[in-house]
Every structure is written in structure tokens, then in C-alpha cells.
Amino acid sequence: MKAAPRRPLPQVSDIETKPFWEGCARGEILLQRCLDCSAVRHPPSPICSGCLSSRLEWVPASGNATVYSFVVVHRAFHAAFEEDVPYVVAIVELEEGPHMLSNVVEVPPESVEIGMPLRVCFDCVSDEVTLPKFKPA
Ligand SMILES: [Zn+2]
């Protein structure tokens with residue numbers, strides 16, 4: 001029997017994103033907050049897009065979100081995902097404001113709607129990587 005292909009995974013050792021991935025491994029979403037203008041941002045970046053400050057802190061998100069936009073994937077674009085179709089790839093709007101690309105899980109894809117309230121859940125996919133995903137709240 002042929003072994004299942006390995007899933008492509010995010011790089012978790014990048015200095016800018018490492019705290020985010022460490023948070024996911026502990027079961028929390030961490031967001032960057034600017035220490036000069038208080039803007040909260042995601043994905044992590046070295047400077048604030050609002051005021052260009054590089055001073056930041058990491059703050060935990062509530063884990064509450066809503067569906068901002070989504071697609072249902074019916075054709076796997078990578079062999080490692082063939083058994084998962086159909087699945088939902090969504091842009092979720094976190095309660096704190098930033099958007100995040102993720103999956104909506106634990107619900108039939110045809111039941112997903114824009115504006116649907118969501119709650120984060122975590123999928124430990126390797127020793128290093130835990131992915132934040134979302135399920136109906
Ligand atoms: Zn700022």
C-alpha cells in the first residue's frame with residue numbers, strides 16, 4: 001500500500017511568527033498589539049501598518065470569530081488532502097478585528113454561512129505544528 005503523501009505545513013521557526021505558533025500549541029491565539037497606537041494585527045509583521053512602530057506586545061485573542069468569507073474545496077489541489085474533500089477554507093474575522101485564513105470544521109460545508117459565529121479549536125498536526133481551526137459556536 002502506498003503511504004499517504006505528507007501535508008505541507010507552515011514554517012513555525014520564523015522569528016516573527018514563532019510566538020503565534022507557540023501560542024497555538026498551548027491552545028490560544030496570540031495577536032500582535034502595537035505599543036504606540038494599540039492596533040491589533042494578524043498575520044504577524046515587524047511593523048504596525050497603522051503607525052509604522054516596531055514596538056509590540058503579544059496578546060491572547062478570545063477565540064471568538066465569525067465567517068467573513070469562505071469557499072468549499074471539492075477538488076484536492078494536493079494529494080495529501082484528497083481524503084478531506086469537500087472541506088471549507090474560510091477567512092474568519094476574529095472578535096478583535098483581524099482576519100485569519102483557516103478552516104471551518106465540525107459542520108457540513110453546505111451549512112456554513114457568512115456571519116456564522118465560530119469558536120477556535122486546535123488541530124495538532126505534528127510535533128511542532130498546531131493549526132487553529134474554527135467550529136460553530
Ligand atoms: Zn501602531
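**Salt bridges, a zinc site and a pocket**

The side chains of R26 and E28 meet in a salt bridge, with N and O 3.0 Å apart. The model is a predicted one, so side-chain atom pairs count only where pLDDT is 80 or more. How open are these two partners? R26 counts as exposed, because its relative accessibility is 54%, over the 50% cut-off. E28 is partly exposed, at 26%. In general, side chains of opposite charge can pair when their charged atoms come close.

How many salt bridges does a search of the whole structure find? There are six. Another of them joins D84 to R7, and here the closest N and O atoms are 2.4 Å apart. This pair links distant parts of the chain. D84 sits in the loop between strand 4 (64–73) and strand 5 (87–94). R7 sits in the segment before helix 1 (18–26). The two residues are 77 residues apart. Both ends are partly exposed: D84 has a relative accessible area of 30%, and R7 has 36%.

K133 and D123 make a further salt bridge, with 2.9 Å between the closest N and O atoms. K133 lies in strand 8 (residues 130–136) and D123 in strand 7 (residues 117–124), so the bridge ties together parts that are ten residues apart in sequence. Is K133 buried or exposed? K133 counts as buried, because its relative accessibility of 14% falls under 20%. Its partner D123 is partly exposed, at 28%.

K133 also leads to the pocket. Which residues lie nearest the centre of the largest pocket? They are L101, S102, N103, L131 and K133. In total, 25 residues line this pocket. Helix 1, strand 5, strand 6 (99–104) and strand 8 each give two or more residues to the lining. Strand 6 supplies the largest share, five residues. The space inside comes to about 710 Å³. In general, rolling a probe the size of a water molecule over the atoms shows where empty space is left.

What classes of residue make up the lining? Nonpolar residues number 18, alongside three polar and four charged ones. From N103, one of the residues nearest the pocket centre, look across to V72. The C-alpha atoms of V72 and N103 are 9.8 Å apart in space, while the residues are 31 apart in sequence. V72 belongs to strand 4. At 27% relative accessibility, V72 is partly exposed.

Turn next to the metal. Which protein atoms are the donors of the zinc ion? They are the SG atoms of C34, C37, C48 and C51, lying 2.3 to 2.4 Å from the zinc ion. Along the chain, the donors follow the spacing C-x2-C-x10-C-x2-C. Two of them, C37 and C51, are 14 residues apart and link distant parts of the chain. C37 sits in the loop between strand 1 (30–34) and strand 2 (40–41). C51 sits in the loop between strand 2 and strand 3 (56–60).

Why is the arrangement around the zinc ion tetrahedral? The four donor atoms subtend angles of 101 to 116°. A tetrahedral call needs all angles between 85 and 135 degrees, so the site qualifies. C37 and C51 are also partly exposed: C37 has a relative accessible area of 37%, and C51 has 33%.

Definitions and conventions. Residues are numbered from 1 along each chain as its sequence is written. This is a predicted model: local features need pLDDT of at least 70, side-chain atom pairs count only at pLDDT 80 or more; totals for chains, interfaces and linings use all residues. Side-chain values use heavy atoms; hydrogens and water are left out. A salt bridge is a side-chain nitrogen of Lys or Arg within 4 Å of a carboxyl oxygen of Asp or Glu. Helices (H or I, at least four residues) and strands (E, at least two) are DSSP runs, numbered from the N terminus. Buried means under 20% relative accessible area, exposed over 50%, partly exposed in between (1.4 Å probe, protein chains only). On a 1 Å grid over the protein atoms alone, a cavity is a set of points where a 1.4 Å probe fits but cannot get out, and a pocket is an open set with protein on both sides within 12 Å along at least five of seven lines; lining residues have an atom within 4 Å of a point. Grid points are joined across faces, edges and corners, and a volume is the space filled by probe spheres set on the points. Ala, Val, Leu, Ile, Met, Phe, Trp, Tyr, Cys and Pro count as nonpolar, Asp, Glu, Lys and Arg as charged, and the others, Gly among them, as polar. Donors are N, O and S atoms within 2.8 Å of the metal (3.2 Å for Na, K and Ca); water is not among the atoms, so sites may look incomplete. Four donors count as tetrahedral if all angles lie between 85 and 135 degrees; four count as square planar and six as octahedral if opposite donors are over 155 degrees apart and all others between 65 and 115; anything else is irregular.
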